[in-house]
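Hi there,

Here is the structure I promised to pass on to you. Have a look at it first, and then read my notes below.

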Amino acid sequence: MGVVSFLRKVYNHDTLDTRFLISTSTPYQTVIEARDDPVAAKERAAKRTSKAHTSRWNTPEFYLYYAILLWVIPYMFWVAYDSSRPTDPKYRRYEHLLSEGWIPGRKIDASDAQYRTFRNNIPYMTALLIFHPLLRRLYNSSVYPIKVTGQSARPTPEEADQRLNQRASFDFGFALIYLVALHGVSAFKVLAILYMNYQVATALPRKSVPAATWIFNVGTLFANELCKGYRFGDIATLIAGAPVQNSLLDSGPALVSWGRWLDSYGGLMGRWEILFNITVLRLISFNLDYYWSLDRRSYSPIEKQVDPSSLSERDRVSIPAEAKDFSFRNYVAYAIYAPLYLTGPIITFNDYISQLRYKSATIELSRTIRYGVRFLLVLLSMEVILHYDYVQAILKANPAWGEYTAAQLSVLSYFNLHFIWLKLLLPWRFFRLWALVDGIDPPENMIRCVSDNWSTLAFWRSWHRSFYRWSLRYIYIPLGGSSFKSPREAARSVLTYVLVFTFVALWHDIQMRLLIWGWMIVFFMLPEMAAGFLFPKRKWEGRPTAYRMLCCVGAVANIFMMMSANLVGFAVGVEGMKRIIEGIFRDFSGLTFLLGACIALFVGAQAMFEIRESEMRQGINLKC
């Protein structure tokens with residue numbers, strides 16, 4: 001296999017996530033069985049060709065777009081690089097935020113604490129990625145071997161139960177060790193929250209479980225933030241009072257000192273509450289999956305006439321686990337599953353149990369290796385960018401935005417969004433890679449580059465995809481989904497979106513700018529919904545080119561709105577966004593640049609449309 005051929009496989013959709021190749025209701029085993037079937041391959045190709053439009057990549061229209069992009073893309077990189085050069089007069093203001101780099105003659109912008117922490121711990125996390133699956137193999141062979149009784153390749157129900165107990169018992173034991181290593185004595189706080197949530201699901205009257213689950217877990221988010229992780233020293237001070245200077249007889253100070261001593265054993269991540277939000281999603285998943293299972297206790301894959309060892313993803317998620325699977329051991333093993341504990345991606349409890357019982361057909365060594373190579377290439381891209389574009393350092397040095405040109409303001413803001421995308425993408429892919437090596441296949445979180453998004457509605461299907469799917473299952477659908485058949489239904493649907501994005505904002509962090517971000521997203525969805533209603537595709541079937549141009553105009557507006565919302569929520573805040581906009585519009589050159597940016601985004605949107613058409617010709621519909 002040549003290098004080019006290998007890289008093409010690295011960057012195909014099958015490597016990223018097998019869920020993109022088939023519908024959620026189709027078992028992946030059917031894809032494996034059809035790989036060597038030429039008749040099936042021809043039928044699939046004919047079906048794809050019949051649905052897709054003719055390629056536009058080799059048309060005069062797109063040759064014009066190529067010429068524009070060949071000028072715009074290098075120009076954007078040059079503007080960001082030029083703003084980051086040591087010869088720039090503003091360089092001295094943020095030079096102290098830069099670190100020594102590994103590219104000769106260049107420093108690296110590792111000023112972002114989140115990425116710096118991930119970057120510095122890559123060697124240790126890599127060692128853990130190797131050690132954890134090896135330790136599981138040792139455990140499986142020495143401590144909990146499975147007795148194979150059947151002769152067929154498909155496991156018997158007894159063997160499947162043994163495999164579940166084997167994996168769950170290891171995950172449970174490793175979770176306890178992992179918690180103590182990460183959080184020290186605060187591991188007991190995490191376990192206390194888990195225990196209380198388990199009691200909410202299993203001890204309360206059935207009809208109270210959904211409301212109690214949401215109240216408890218949303219309350220936990222607020223309590224964790226307000227109480228700053230329930231430090232033992234603060235609790236002791238609340239009980240015994242503040243220490244009194246020079247008091248040797250008062251027992252209060254001794255209790256406070258003991259509490260502070262306990263706080264000093266905080267493990268590798270003393271502030272456990274920062275990343276606990278992701279665990280809250282798993283706690284809600286367990287409770288609601290358990291609640292829904294009570295209505296379907298007698299339901300099983302056999303009743304649906306499907307092979308339980310080869311379920312589709314939809315069946316893995318929707319078919320409830322057996323009553324005995326909702327044990328405290330399995331619950332802890334799921335909530336603190338080491339590869340996904342810190343950042344996700346998120347899988348539901350039903351899916352986790354299903355994959356413990358039967359190994360997913362999507363776990364293949366060759367694909368996992370290609371996924372690892374893809375992760376390394378993304379990491380290399382991030383490192384190179386941070387050596388030449390000091391966007392984060394410029395932002396953290398409280399810049400005077402009036403000193404920057406409109407082009408610099410726009411490009412630096414645009415690159416800042418790419419940095420946010422990459423710094424989230426890398427840990428999500430690393431921990432998913434760890435899960436794949438360990439035999440669990442969670443959903444891919446980022447399925448498109450941040451620059452390859454033109455629809456506000458579709459953007460949230462590709463950004464933090466596992467959270468999007470979690471929100472659909474546990475919030476959006478229970479609230480009734482959306483419908484715009486009548487004004488009343490439309491108002492209810494908008495309220496549903498507001499509630500969903502309010503939770504999403506509070507889940508990220510309890511800050512006003514994130515609430516504003518969430519509400520801005522809903523507000524910016526409305527024009528796209530209205531445009532879809534006023535300009536339905538079916539009425540433009542005779543004028544496809546005109547309709548495509550009209551959609552591109554709307555796409556440009558959408559891109560500007562999405563950039564504004566995400567800069568407010570995750571970068572500069574409301575005041576920073578106001579200063580950037582003022583800087584862009586302070587003179588005529590800013591308006592000229594804005595016109596050029598609109599043209600560039602229009603061309604980019606055309607490329608995005610054609611990328612999706614190309615995917616359709618391959619039988620891939622990501623719906624985003």
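To start, in which helix is the place of Val 504? Val 504 sits in helix H24 (residues 487–508); helices here are DSSP runs of H or I with at least four residues, numbered from the N terminus.

A word on the source: this is a predicted model, where local features need pLDDT of at least 70 and side-chain atom pairs count only at pLDDT 80 or more, while totals for chains, interfaces and linings use all residues. Residues are numbered from 1 along each chain as its sequence is written, and side-chain values use heavy atoms, with hydrogens and water left out.

Back to Val 504: is this residue buried or exposed? With a relative accessible area of 9%, Val 504 is buried (under 20% relative accessible area, against over 50% for exposed and partly exposed in between, with a 1.4 Å probe and protein chains only). Leaving aside neighbours within four places in sequence, Val 504 is in contact (heavy atoms within 4.5 Å) with Phe 467, Ser 471 and Trp 517. Phe 467 lies 37 residues away along the chain, yet the two C-alpha atoms are separated by 9.0 Å.

Next, look at helix H9 (residues 157–183), which has 27 residues. From first C-alpha to last, H9 reaches 38 Å, close to the expected 39 Å (1.5 Å times one less than its number of residues). Just after H9, Gly 184 takes a positive phi of about 60°.

Finally, try finding Leu 194: beyond its neighbours within four places in sequence, its contacts include Phe 276, Tyr 331 and Ile 336.

Enjoy exploring!

Technical notes. Helices (H or I, at least four residues) and strands (E, at least two) are DSSP runs, numbered from the N terminus.
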